Amino acid sequence: SAIHNSKFGNGVEIRLRPAYYDLISPEVGRLPNSSLSVFDLRLAAFESQVILRQIDIINIETLNVARTDLPGDGRLAWSLRLGLESQDLSCSDCSVFRVQGGPGFAHQITPSLIAYAMLDGRLQTPRKGLGSVAAIPRIGLLGSIIDEWKIQLSAGLRTYIDGTRSEEPVIRIEQRFGNDRTWDVRVSYQELVARQFEASFSYYW
């Protein structure tokens, strides 16, 4: 990926995921509207430093959208993430170990558009008084313009129950272009204290 971070400037990122699909991946041979990755590693390199952004041991999310209007069709949405990550996008030496996840609800608005709401809880190792317990309510939209273009928008607020930092907006917009099982191109925007733009090429084997 080529990235631009509002704190660190321009850089590149390498990401390796031994097992992987996410909400905007092509829905071929997998559970629709879900994500799964294990040992997801992200390293960002800027002019003066290399930053370990993430090592996810496991990351699961499923929206469990009802396929019909029949009572009982569709179940609770839920997510679970376990691993190491940067506290936010503005720091370089601020990794915390965290467990994050919780329940939610998703609704099929049109055949190509899903709205969802999640309430995640977060436990993390304390670091410089930032807090170790947080709640993250978030809402999102997941939709396909065409088969070769899918987009996800998510906005939430990380609110610490303890610590010195109280609230942090968490925003993510990600688009996937291409519908091949072996490659895609993605463009994304993230905001978590700092802002980051990213353009990436992914190859799957």
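The legends below describe an overall view and several close-up views of a predicted protein model.

**Figure 1. The whole protein is built from strands.** The secondary structure comes to zero helices and 13 strands. Read along the sequence, the pattern is β-β-β-β-β-β-β-β-β-β-β-β-β. The radius of gyration is 17 Å, close to the 17 Å that the globule rule gives for 205 residues, so the protein is as compact as a globular protein of that length. Along its principal axes, the C-alpha trace spans about 50 × 35 × 25 Å. Of the 205 residues, 42% are buried. Among contacts with a separation of 6 or more, 48% are between residues 24 or more positions apart. The accessible surface comes to about 10,900 Å², and carbon and sulfur atoms account for 63% of that area.

**Figure 2. Confidence in the model varies between strands.** For the protein, the mean pLDDT is 91. A value of 70 or more is reached by 95% of the residues. Where is confidence lowest, and where is it highest? The lowest mean, 85, belongs to strand 3, which covers residues 19–21. The highest, 98, belongs to strand 1, which covers residues 2–5.

**Figure 3. A disulfide joins C91 to C94.** A search of the whole structure finds one disulfide. The distance from S to S in the link between C91 and C94 is 1.8 Å. The angle about the S-S bond is 65 degrees, and the link is right-handed. Are these cysteines buried or exposed? Both C91 and C94 are buried.

**Figure 4. Q124 pairs with Q87 through their side chains.** Q124 lies in strand 8, which covers residues 113–124. Its relative accessible area is 6%, under the 20% cut-off, so Q124 counts as buried. The side chains of Q124 and Q87 are joined by a polar contact of 2.9 Å. Leaving aside neighbours within four places in sequence, Q124 is in contact with Q87, V96, F97, R98, G131, S132 and Y160. G101 gives a further reference point for this view: 23 residues separate Q124 and G101 along the chain, and their C-alpha atoms are 12 Å apart.

**Figure 5. S132 in a loop has a side-chain partner in D162.** S132 lies in the loop between strand 8 and strand 9, the latter covering residues 133–146. Is S132 buried or exposed? S132 has a relative accessibility of 19%, and because the cut-off for buried is under 20%, this residue counts as buried. A polar contact of 3.0 Å links the side chain of S132 to that of D162. Not counting residues up to four places away in sequence, S132 touches R122, L123, Q124, P126, Y160 and D162. Q124, shown in the previous view, is thus one of the residues that S132 touches.

**Figure 6. R158 is a buried arginine in strand 10.** Strand 10 covers residues 149–160. The relative accessible area of R158 is 4%. Which side chain makes a polar contact of 3.2 Å with that of R158? The partner is Y160. Leaving aside neighbours within four places in sequence, the residues in contact with R158 are E85, Q87, R122, A134, A135, I136, S166, E167, E168, V170 and L192. Q87 is among them, and Q87 also appears in the list of contacts of Q124.

**Figure 7. N33 and V193 each have a positive phi.** Most residues other than glycine have a negative phi. N33 is not a glycine, but its phi is about 55 degrees. The place of N33 is in the loop between strand 3 and strand 4, the latter covering residues 34–46. V193, also not a glycine, has a phi of about 70 degrees. V193 lies in the loop between strand 12, residues 183–192, and strand 13, residues 194–203. How does the accessibility of each residue class it? With a relative accessible area of 12%, N33 is buried. V193 has a relative accessible area of 46% and is partly exposed.

Methods. Residues are numbered from 1 along each chain as its sequence is written. This is a predicted model: local features need pLDDT of at least 70, side-chain atom pairs count only at pLDDT 80 or more; totals for chains, interfaces and linings use all residues. Side-chain values use heavy atoms; hydrogens and water are left out. pLDDT is the predictor's confidence in each residue, from 0 to 100. Helices (H or I, at least four residues) and strands (E, at least two) are DSSP runs, numbered from the N terminus. A disulfide is a pair of cysteine sulfur atoms within 2.5 Å. Buried means under 20% relative accessible area, exposed over 50%, partly exposed in between (1.4 Å probe, protein chains only). The radius of gyration is taken over C-alpha atoms; the globule rule is 2.2 Å times the number of residues to the power 0.38. Contact means heavy atoms within 4.5 Å. Accessible areas come from the Shrake-Rupley method with a 1.4 Å probe; for residues, only the protein chains shown count as cover. A polar contact is a pair of N or O atoms within 3.5 Å; within protein, one must be able to donate a hydrogen and the other to accept it, and residues adjacent in sequence count only if both atoms are side-chain atoms.
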